[in-house]
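Hi everyone, thanks for coming. I'd like to walk you through one part of a structure that may be new to you, so let's get it up on the screen.

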Amino acid sequence: MSTLEEITNSSLLATYEICELFGYTKQAFYKRKSNATLIKYNPDVIRSLVLNIRKQLPRTGGKKLYIMLQEDFVKHNICIGRDVFLDFLKTEYLQVTKVRRYYNTTNSTHWMKPYPNLIKNISLNKPEQVWVADITYLRKNVLFTSINRCLFQENCRLSIS
């Protein structure tokens, strides 16, 4: 495109004629010319601005950061839109990580001895021959409630503690 601009400046031909010679449209020529005059942002400056705010407010999201940094963008002569700013945060790995909202109630790395499966090779041929016990923890407001279950053949008993 720079060759096209040089020829346009020194030639008597119209812009659309020169663009046709090179296989460009007039729209593409002027769009490229306007994009060249836009001020590009410095990623190091934006990164430092974001990290300064994140020191004080570590969980601040991208949209709020964009609003908070508007004055700093004007000071540093940075012209950047919200979507480009959010893309910048994504490429620089500066997005806030999501917090897990569930609780892990099973601890498989405990100190207690795991026992072998005693009913592996037993054939079950009458009711109530084998009983299975289970404890399930349910979250109720802030506290956890446990449900103790004792199961056998086709019957079930529940006890809530």
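I'll start with one helix, then move on to the loop and the helix that come after.

Keep in mind that this is a predicted model. The helix I want you to find is α4, residues 43–56. It has 14 residues and runs 21 Å from its first C-alpha to its last, close to the 20 Å expected at 1.5 Å a residue.

So which residues of α4 are buried? They're Ile46, Leu49, Val50, Ile53 and Arg54. These cover an arc of only 135° around the axis, which puts them on the same side of α4. What covers them includes α5, α6 and α7. Now spin the view: on the face turned away from that buried side, you'll see the exposed residues Asp44, Lys55 and Gln56.

Have a look at the N-terminal end of α4 too, where asparagine 42 acts as a cap. One of its side-chain oxygens lies 3.2 Å from the backbone nitrogen of aspartate 44.

Next, the loop between α4 and α5, where we find threonine 60. Is threonine 60 buried or exposed? With a relative accessible area of 7%, it's buried. Its side chain reaches the backbone oxygen of leucine 57 at 2.9 Å. Leaving aside neighbours within four places in sequence, threonine 60 is in contact with Arg54, Leu65, Met68 and Val96. Arg54, remember, is one of those buried α4 residues.

Last stop: isoleucine 67, in helix α5. Its relative accessibility is 62%, so it counts as exposed. Its C-alpha is separated by 8.8 Å from that of arginine 82, 15 residues apart along the chain.

Notes:
Residues numbered from 1 in each chain as written. Predicted model: local features only at pLDDT ≥ 70, side-chain atom pairs only at ≥ 80, totals over all residues. Heavy atoms only, no water. Helix = DSSP H or I, 4+ residues; strand = E, 2+ residues; numbered from the N terminus. Expected span 1.5 Å × (residues − 1). Buried < 20%, exposed > 50% of the residue type's maximum accessible area, 1.4 Å probe, protein only. Arc of directions from axis to C-beta. Contact = heavy atoms within 4.5 Å. Polar contact = N/O pair within 3.5 Å; in protein donor to acceptor, adjacent residues only side chain to side chain.
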